[in-house]
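Here are my notes on the model you sent. They run from the overall layout to single helices.

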Amino acid sequence: MECRTCGIDKELSAFHRNKSKKSGYHDSCKECRKEETKQYRESHPEEVKISKRNWEISENGKASKAQYRERKRKENGEEIRKYHRDYHHANREQLLPKKRAYYENNREALIAKSIESQRRNPQKARERAKRFYERHTELC
Ligand SMILES: [Zn+2]
């Protein structure tokens, strides 16, 4: 289809969809629309600011912003979890004997330390144990 702006005949995938058009696509290709939008933004900074603000305080704008934030939050959470999971799996073989050896070598000290900290601050120790447990059930 021919772009109304640059006149170049392009694939349909080069055009944004537009249901209000008979063809189902915008008259101008994506590139031209990008350029137009850019130029419009540059020549109408106030209008752009106002319409952006209006969009942000509208119900749709709020919903879309919340949705975006939620998606980002999930993506990040998933990414971090995945990173830990991969790291854990990739290093499980090496980490496990090391951990075990460390534990064996420092058994007495570790036990003493944990008893000591538990005695000094039972609430904190319980919380730490809970966190540790949660983290590890999630990872394994
Ligand atoms: Zn074009």
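1. The chain holds five helices and two strands. This is a predicted model, and the points below should be read as describing that prediction. In sequence order, the elements run β-β-α-α-α-α-α, so the radius of gyration is worth a look next: at 29 Å it is well over the 14 Å that the globule rule gives for 140 residues, so the chain is more spread out than a compact globule.

2. The overall dimensions can be put beside that value. Along its principal axes, the C-alpha trace spans about 80 × 35 × 25 Å.

3. On domains, the assignment gives domain 1 as residues 1-43 and domain 2 as residues 51-135. The centres of domain 1 and domain 2, taken over C-alpha atoms, are 46 Å apart.

4. Burial and contacts come next. Of the 140 residues in the chain, 2% are buried. Among contacts with a separation of 6 or more, 23% join residues that are 24 or more positions apart.

5. Helix α2 covers residues 45-57. Its 13 residues should span 18 Å at 1.5 Å a residue, and its end C-alpha atoms are 18 Å apart, which agrees. The number of buried residues in α2 is zero, so this helix lies largely in the open.

6. Is K49 buried or exposed? K49, which sits in helix α2, has 11 C-beta neighbours inside 10 Å and therefore counts as exposed, the cut-off for that class being 12 or fewer. The C-alpha atom of K49 is separated by 22 Å from that of Q67, a residue 18 positions away along the chain.

7. Where does helix α3 bend? Helix α3 takes in residues 59-105, and the bend is at R92, by about 70°. Anyone drawing α3 as a single straight rod should allow for that bend at R92. None of the 47 residues of α3 is buried, so α3 lies largely in the open.

8. Helix α4 runs over residues 107-120. From its first C-alpha to its last, α4 reaches 20 Å, close to the 20 Å expected for its 14 residues at 1.5 Å a residue. The count of buried residues in α4 is zero, so α4 too lies largely in the open.

9. To sum up, the prediction shows a chain more spread out than a compact globule, with 2% of its residues buried. Helices α2, α3 and α4 each have zero buried residues.

Conventions:
Residues numbered from 1 in each chain as written. Predicted model: local features only at pLDDT ≥ 70, side-chain atom pairs only at ≥ 80, totals over all residues. Domains from an automatic or database assignment. Helix = DSSP H or I, 4+ residues; strand = E, 2+ residues; numbered from the N terminus. Rg over C-alpha atoms; globule rule 2.2 N^0.38 Å. Buried ≥ 20, exposed ≤ 12 C-beta atoms within 10 Å, placed from the backbone. Contact = placed C-beta atoms within 7 Å. Bend = angle between axes of the 7 residues up to and from the residue. Expected span 1.5 Å × (residues − 1).
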